[in-house]
Amino acid sequence: MATCDGSLARGVSASHGRIETPPEVVEHLPGTNRNTSTDTTGRSWAVTHPTNIQALSAHPAAEMFPMLAADKLAELADSIRESGLREEIWLTRDGLVLDGRNRLKACSLAGAQPRFRTYEGDDPWQFVYDLNYHRRHLSESERAMAAARMANAKHGGDRKSDQGANLPLDPEMQAAPTITTAEAAAKFNVSERSVKSARKVLNDGVPELADAVYSGKVAVSTAANIASLPEPEQREVIAADDEKAIRQRFQQIADEKREAKRAAIVEKVTSIAATEAKAAQGVYDCIVIDPPWPMQKIERDVRPNQVGFDYPTMTEEELRDLEIPTADDCHVWVWTTHKFLPMAFRLLEAWSLRYVCTFVWHKPGGFQPIGLPQYNAEFALYCRTGAPAFVDTKAFPTCFTAPRGAHSEKPAEFYDVVRRVTVGRRLDMFNRRSIVGFDTWGNEAAS
C-alpha cells in the first residue's frame, strides 16, 4: 500500500508503539496487502491503514496543543506533497488521534496517504506533552491554555467528545493520573493564575475566544474577563480589530452593565414605596453601630498619663437585648477594638447578623498596654441580613488609614465610603456627632 512519501507501508519499531490497524475504524478491502516488518528484537508488526480516515476523532490530549494557522497548514501540506510525511500519526488503542492532527489534515490537503502508529503506554497526556512541548514555539497564553487542558482533563478521566456524561469512561482514560493545576502550570512554565484564566476561557468562552488566544489576538488574562459575558457579547467583543480595541469594547460593555446594575439597586432600595414602607416599620438599609462597650480605667493595664472614660457604657447583656432595626436586606458595620473583638462576634450572633469581613482603620498612634504592642487599629466588622448589594465597589479596600479625632470618634473617611457604596435609609447608632446622610441614635439611647 502506497504511503504519502511514495513508499510501501512499513512496520516501525519504537518504545512507545507500533504501526497497526486501529480496530474500530478500519475496513479491510478485498485484496488489501498486510505487510509485516521485524525489528532487532524479532518482534513483527502488521502494517495496515484506516480506510475511513475522515471519521477519525481526536483524543482530548491531542487538543492540548493548538492546530496550525491556515497558512502554516498549507505550507505543511506542500512539504508533504513534495517530500512525504516524515513522522507517523499516533493513535490510541481504540483508534483516537493522539498526536498528529496537523499532519493528518495536511495529508488530506496534499492528497497523500498518512501512516499511523499506536501508542500503548498508560499516560497519553504526558506522551503528547513530551512530543510537542519543546518543538512547538508557544506563547505564554498558549502554554496556559495547554496547561488548563491537561489539568482539567484529569478529574476522573476524560471522555470522547461524543461520549455522554452517564456513560462509563474508557479504561485507558480512567487510568490516567491526576494532574493538579499547580503541576500543570509548572510543566508549561506559567503561573497558576494564568492556568485558571485559561480554564475559564475553555469552560465559559465561545470557541472564537479560544481561537483568538491561540492566534495571539488576545492575551489569556483578557480573554478570561471576556468569558464572563453572555455569548453574543463575547463574539461582539472578540470581533474587534486588535487587543487594544478588544479591551476597550469589553470595558465599555462592563461599565454599561455595572451602571445598569447600580441603577437597578438604587431603584429597588430608594423607590418611594420601599422608602415609605421602611420608614413606617422603622427599619434601615444600612446601619453603623459603635457600641458603648463596658470600658473602664484599670490602673495596672494603662500607662499613668492615660485617663478613664467619661461616657455611658452598656454591659454585654444590655447590648444583647438591643433591637437592631435592619431591613430584610441590610448592610451593617459594628465598630470594636482589640479587647472587645470576642464580645463583638458574640453580639453578631445574638443580633442574627451574618459576618462577612473586617474593615481595619489604621490610626497614627494608639493605646499601648504596658509590655504589649501599641493598639493602633480599630475594626468595623461588616455583616448583613439578607442579600444587600453595594452600588459601587471601586476603591473599596477593607484597610484604610485616617487621622484620629476626638475620643472614640470614627473617621469621616469611613462614612464617605459607606455613603458612596450604599443607598437607602441609613442609621448611625451610638454616634456622638451628627453624620450627613445618616439618622443618628446617640447616647440618649443608652440612658
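Strands β8 (residues 326-336) and β10 (residues 375-385) sit side by side as an antiparallel pair, joined by 7 bridges. Here helices (H or I, at least four residues) and strands (E, at least two) are DSSP runs numbered from the N terminus, and two strands pair if DSSP finds at least two bridges between them. The model is a predicted one, in which local features need pLDDT of at least 70 and side-chain atom pairs count only at pLDDT 80 or more, while totals for chains, interfaces and linings use all residues. Residues are numbered from 1 along each chain as its sequence is written, and side-chain values use heavy atoms, with hydrogens and water left out.

One bridge to look for links Val332 with its partner Cys383 in β10. Helix α14 (residues 341-350) packs on the sheet and touches β8, β9 (354-367) and β10, where contact means heavy atoms within 4.5 Å. The direction of α14 makes about 10° with that of β10; axes are lines fitted to C-alpha atoms, for helices over the stretch in contact, and angles run from 0 to 180 degrees between N-to-C directions.

Now for the whole sheet. It is open, has 7 strands with mixed pairing, and runs in the order β11-β9-β10-β8-β7-β12-β13. At the edges are β11 (399-401) and β13 (439-441), each pairing on one side only. From one strand to the next, the twist averages 20°.

Strand β12 is worth a stop. It runs parallel to β7 (residues 284-289), with 4 bridges joining the two, and Ile289 has Met429 as its bridge partner in β12. β12 also pairs with β13 in the parallel sense, over 3 bridges, and there Asp428 stands opposite Thr440. In a regular strand the side chains alternate between the two faces of the sheet. In β12 both faces are covered: Arg426 and Asp428 on one side, and Leu427 and Met429 on the other, are all buried. Buried means under 20% relative accessible area, exposed means over 50%, and partly exposed lies in between (1.4 Å probe, protein chains only).

Just before this strand comes Arg425, in the loop between α15 (412-421) and β12 (426-429). Arg425 is buried yet has no salt bridge, that is, no side-chain nitrogen of Lys or Arg within 4 Å of a carboxyl oxygen of Asp or Glu. The nearest side chain of opposite charge, Asp439, is 4.4 Å away; Lys and Arg count as positive and Asp and Glu as negative, with His and the chain ends not counted. The side chain of Arg425 does reach the backbone oxygen of Val283, at 2.9 Å. Its contacts include Lys278, Gly282 and Tyr284. Helix α12 (residues 272-281) is hardly covered, with 1 buried residue among its 10, and just after it Gly282 takes a positive phi of about 75°.

Most residues other than glycine have a negative phi. Ser352, which is not a glycine, has a positive phi of about 60°; this residue lies in the loop between α14 and β9. Its relative accessibility is 60%, so Ser352 counts as exposed. Asn189 has a positive phi too, near 55°, and is placed in the loop between α6 (181-187) and α7 (192-204). Asn189 counts as exposed because its relative accessibility is 58%.

How values were computed: A polar contact is a pair of N or O atoms within 3.5 Å; within protein, one must be able to donate a hydrogen and the other to accept it, and residues adjacent in sequence count only if both atoms are side-chain atoms. Lists of a residue's contacts leave out its neighbours within four places in sequence.
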